[in-house]
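Hi,

Here is the structure I promised to pass on. Have a look at it first, and then read my notes below.

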Amino acid sequence: MNETNDTAATRRGVMKGIGGLAALSMSGATIAEAEDVLNDSVPSDPHTLDTYRSIVDAIVPRTPQLESELGPEHVPGGLDVELEKFLVWDFNHFQEIRAEMVTEKGLLDGPSDAEMPLEMFESVLDLTNLGGLFGPDSPLDAVLNLADLDLLDLDLGLDDDALEEALTFGPVERYDISFADDVASSSGPAAFELLVETANETTHQVVQNYPYAPAFTLVFDIVAAEFIARGENEDAIKRDRSKFPAGGTFVQLSPEDRLRCLWTIVDGGAIDRLDDLLSPLVPDVGILKYVVMAVNGLHGFGYYTEWSGLGETKTNNPTERSLSTPAGEVQSRQQSGYPGPADGYAANWRHAVDGGFADPDVEELNLPSNLEGDDVIEGIGGGT
């Protein structure tokens, strides 16, 4: 990454450790204790990282045109503060699967309402020897093999050749996720073994929570291929993938089309059309709508918080966090002009709207005589 100004350099690490905060914001998802401390790198395969980098770049791009008007602190974008690491960490840590809630196929006539089949969480997408004598003919053929489907089963109303031509997972040759231990004899949080192989690199991890991050990026490639096959992209496809070389179909879209493509998951019927094709890749296809909303918004919360100044205390309990960067040098405060906690500063809220709003007369508020609510904890707060 090339840094061209000191301000951008001080912003590095804004998102390291923010996964816990954002995950708490995701529709009540369970958060297990983080297995790895967020340091300078987040263990991940290149396809996963580059896919999320392309999303971050689309949502929070660099804005050098603002330097002359607003100052250098407004130039760096999401990639300068490595927001993609937050997304990977967050999606790999927001759901815990308990071994006792998983049943192996054949042990019962069928899983109870409280149990989930083992095959729901295990998946192998094999792209080795692509086009060879013993390999799948294409990435689409590999996905169909995984889903045990024929292309005609999908009934997408598309030119089959267009979908096949559009789909690529970049350098990915094998994606394999399985339980790390025998769930039949285990209890408590299940561990998962994740293997992603590319032509030049192998990423092997054993993780405590279900590793959704790499699975989501494969889904984004499939959805992007359908998006292109339907002709919904408004800009030309860049097949060289020079900016995100390890990405697949999704990164070939322009930044604007990447966001349009993601929104088809939420409001474009993509999940309904592709349900059978995507189901072997993610335990619950329906979760993808929430993921897209998270991708579009949650990392922004971190971008404008004080996390860049919390140093090694980022992942501590809230009461144990402290600023290790001088208050005036914290990125969010530089960019917003906020001086930090100060008596009476909250009164200056009108800046958000030109002209502000007029405060109502006290007599018009009709407030109860006792303003102490249920959220007041005895001995905490209430004074300045």
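Before anything else, one term: a polar contact here is a pair of N or O atoms within 3.5 Å, and within protein one of them must be able to donate a hydrogen and the other to accept it. Also keep in mind that this is a predicted model.

With that in hand, start at Thr-217, which lies in helix H9. Its side chain reaches the backbone oxygen of Pro-214 at 2.7 Å. Thr-217 counts as buried because its relative accessible area is 0%, and the cut-off for buried is under 20%.

Another polar contact to look up involves Asp-57, in helix H3 (residues 46–59). The side chain of Asp-57 pairs with the side chain of Lys-243 at 3.0 Å. Asp-57 has a relative accessible area of 12%, so this residue is buried too.

Now for the inside. The largest nonpolar core contains 78 residues, and Phe-91 and Phe-216 have the most contacts inside it. Helix H9 (residues 212–229) supplies the largest share of this core, with 14 residues.

Phe-91 also turns up among the buried residues of helix H5. That helix runs over residues 83–91, and nine of its nine residues are buried, so H5 is largely enclosed by the rest of the structure. The buried set includes charged-looking names in the list as well as nonpolar ones: Glu-84, Lys-85 and Asp-90 are there, along with Leu-83, Phe-86, Leu-87, Val-88 and Trp-89.

Helix H10 is worth a stop as well. It covers residues 255–267, 13 residues in all, and spans 19 Å from its first C-alpha to its last, close to the 18 Å expected at 1.5 Å a residue. Its buried residues are Asp-257, Arg-258, Cys-261, Leu-262, Thr-264, Ile-265 and Val-266. After H10 comes Gly-269, with a positive phi near 75°.

Finally, the outside. Which residues form a nonpolar patch on the surface? They are Trp-263, Tyr-290 and Met-293, and together they have about 340 Å² of accessible area. Met-293 sits in helix H12 (residues 287–303). With a relative accessibility of 43%, Met-293 counts as partly exposed, because that class lies between the 20% limit for buried and the 50% limit for exposed.

That's the tour.

Cheers

Terms used. Residues are numbered from 1 along each chain as its sequence is written. This is a predicted model: local features need pLDDT of at least 70, side-chain atom pairs count only at pLDDT 80 or more; totals for chains, interfaces and linings use all residues. Side-chain values use heavy atoms; hydrogens and water are left out. Patches are made of residues with over 30% relative accessible area and no salt bridge: like charges are joined within 9 Å, nonpolar side chains (Val, Leu, Ile, Met, Phe, Trp, Tyr) within 5 Å. Accessible areas come from the Shrake-Rupley method with a 1.4 Å probe; for residues, only the protein chains shown count as cover. A salt bridge is a side-chain nitrogen of Lys or Arg within 4 Å of a carboxyl oxygen of Asp or Glu. Helices (H or I, at least four residues) and strands (E, at least two) are DSSP runs, numbered from the N terminus. Buried means under 20% relative accessible area, exposed over 50%, partly exposed in between (1.4 Å probe, protein chains only). A nonpolar core is a set of buried Ala, Val, Leu, Ile, Met, Phe, Trp, Tyr and Cys residues joined through side-chain atoms within 4.5 Å. The expected span of a helix is 1.5 Å times one less than its number of residues.
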